[in-house]
Amino acid sequence: MKNKDSHIAQFKDAISEAANESPDQFFTWFNQAADLQASFLRANWDFGHHIARPLTPLLRKPEELTALEIGYGGGRLLSVAARHFSKVIGVDVHPQSEKVFEMLASRGIQNAELHTASGNSLPVPNDSVDVVYSFIVLQHVEKIEIFNAYLEETFRILKPGGLALLYFGRWSGSNQRSQIAYWLDSLLENIKLPKGYLEIEAEVNHTNLLVTKRYVKAKTKQLGFEFLKFCFSYKNIPDGYGRIGGQHGILLRKPL
């Protein structure tokens, strides 16, 4: 079994290799879009449905708030978030922040701040962020200790009353098109994953970690979060809207 540092190093190498190929190769590496333009266009659908929709009922004056994305990749979701929040912060393990920053600037984004981090930390001060979100990222961390570290870091950096919306890999017994099948999977996952999680040795950018809703709810409660609700991802928004995806989402609040 590889250690966490070797897995993070493999991610950095794979992303750097893509960055050396072409802009299309780099900016589509994170979500397998057809090309660079499609990646950023589809970001509007992903952000709108998976991030904005669950958060909207709970936000007041988002134009005055700071949001942080765990695993900003090529900056596609960050480019959308920047148009809704006063400031956006992206954190990722790869060293291609200059390339992403230039792309964001070319799209008129001036309120983004990018950080390269260790792979299990968020390099911003305590109580400094209003919203933390992550999508199609946490299922790629290979160790539960890294996942737990991100939960802890999220609690640390959120302001009191701040919100977190985090998606993570789930056990799936079928390719669901119904919520009934999804809820059945949510029950079965506690049997299939008796420890509450499953670490998987797989190539980078494939699913490396599955975690049950029960495990995450207990862990976040232990950290001090207020649980608000669970949600789930859809495959290939908008084309695959009827197909439930491979991620659970959890919406949390840091108490005042």
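A residue counts as buried when its relative accessible area is under 20%, as exposed when that area is over 50%, and as partly exposed in between. Keep that in mind as you click around this model, which is a predicted one.

**Stop 1: a pair of rings**

Select F135 and Y167. Is F135 buried or exposed? Its relative accessible area is 4%, which is under the 20% cut-off, so F135 is buried. Y167 has a relative accessible area of just 1%, so Y167 is buried as well.

Now show both side chains and turn the view until you see the two rings. F135 and Y167 make an edge-to-face aromatic pair, with 5.1 Å from centre to centre and 85° between the planes. F135 sits in the loop between strand 4 (129-134) and helix 6 (144-157), while Y167 belongs to strand 5, so this pair ties together parts that are 32 residues apart in sequence.

**Stop 2: more rings**

How many aromatic pairs does the count come to? The count is 14. For another of them, pick W29 and F30: their rings are edge-to-face too, 5.2 Å centre to centre with 80° between the planes. Both W29 and F30 are buried.

Keep those two selected and add F11, F26, F27 and F40. Together with W29 and F30, these residues form one aromatic cluster. Remember F11, as we'll come back to it.

**Stop 3: the nonpolar core**

Next, select L68, F85, V132, F147 and V211. These are the residues with the most contacts inside the largest nonpolar core, which has 73 residues. Which element gives this core its largest share? Colour strand 5 (residues 158-169) to see it: that strand contributes 7 residues.

Zoom in on F147. Setting aside neighbours within four places in sequence, F147 is in contact with L138, V141, F168, L209, V211 and V216. One of these, V211, is also on the list of residues with the most contacts in the core.

Then look for a separate core of 5 residues, which includes Y182, F232, Y234 and I244.

**Stop 4: the largest pocket**

Select Q32, I136, Y234, K235 and N236. Of the 31 residues lining the largest pocket, these are the closest to its centre. The pocket has a volume of about 710 Å³.

Now colour helix 3 (36-55), strand 8 (226-234) and strand 9 (244-253), the elements that each give two or more residues to this lining. Which of the elements has the largest share? Strand 9 does, with 4 residues. If you colour the lining by class, you should find 8 nonpolar, 17 polar and 6 charged residues.

**Stop 5: the second largest pocket**

Keep Y234 on screen and add H49, H50, R53, P54, Y167, Q179, K229, F230, C231, F232 and Y241. With Y234, they line the second largest pocket, whose volume is about 210 Å³. Y167 from our ring pair is here again, as one of the lining residues.

Helix 3 and strand 8 each supply at least two residues of this lining. Strand 8 gives the most, with 5 residues. By class, you'll see 7 nonpolar, 3 polar and 2 charged residues around this pocket.

**Stop 6: the cavity**

How many cavities of 30 Å³ or more does a search of the whole structure find? There is 1, and about 470 Å³ of space lies in it. To get there, select F11, G71, D92, I136 and V137, which lie nearest the centre among the 32 lining residues. There's F11 from the aromatic cluster, and I136 from the middle of the largest pocket.

Colour helix 1 (4-21), helix 3, strand 1 (66-70), helix 4 (76-81), strand 2 (87-92) and helix 6: each gives two or more residues to the cavity lining. Helix 1 gives the most, with 4 residues. The lining divides into 18 nonpolar, 10 polar and 4 charged residues.

**Last stop: G161**

Go back to strand 5 and select G161. Is G161 buried or partly exposed? Its relative accessibility is 30%, which falls between the 20% and 50% cut-offs, so G161 is partly exposed.

Add F225 and draw a distance between the two C-alpha atoms: G161 and F225 are 64 residues apart along the chain, and the separation is 9.9 Å. Finish by showing R253, K254, P255 and L256, the residues in contact with G161 once neighbours within four places in sequence are left aside.

Technical notes
Residues are numbered from 1 along each chain as its sequence is written. This is a predicted model: local features need pLDDT of at least 70, side-chain atom pairs count only at pLDDT 80 or more; totals for chains, interfaces and linings use all residues. Side-chain values use heavy atoms; hydrogens and water are left out. A nonpolar core is a set of buried Ala, Val, Leu, Ile, Met, Phe, Trp, Tyr and Cys residues joined through side-chain atoms within 4.5 Å. Buried means under 20% relative accessible area, exposed over 50%, partly exposed in between (1.4 Å probe, protein chains only). Contact means heavy atoms within 4.5 Å. On a 1 Å grid over the protein atoms alone, a cavity is a set of points where a 1.4 Å probe fits but cannot get out, and a pocket is an open set with protein on both sides within 12 Å along at least five of seven lines; lining residues have an atom within 4 Å of a point. Grid points are joined across faces, edges and corners, and a volume is the space filled by probe spheres set on the points. Ala, Val, Leu, Ile, Met, Phe, Trp, Tyr, Cys and Pro count as nonpolar, Asp, Glu, Lys and Arg as charged, and the others, Gly among them, as polar. Rings of Phe, Tyr and Trp (its six-membered ring) pair if their centres lie within 6.5 Å; planes under 30 degrees apart count as stacked, over 60 as edge-to-face and the rest as tilted.
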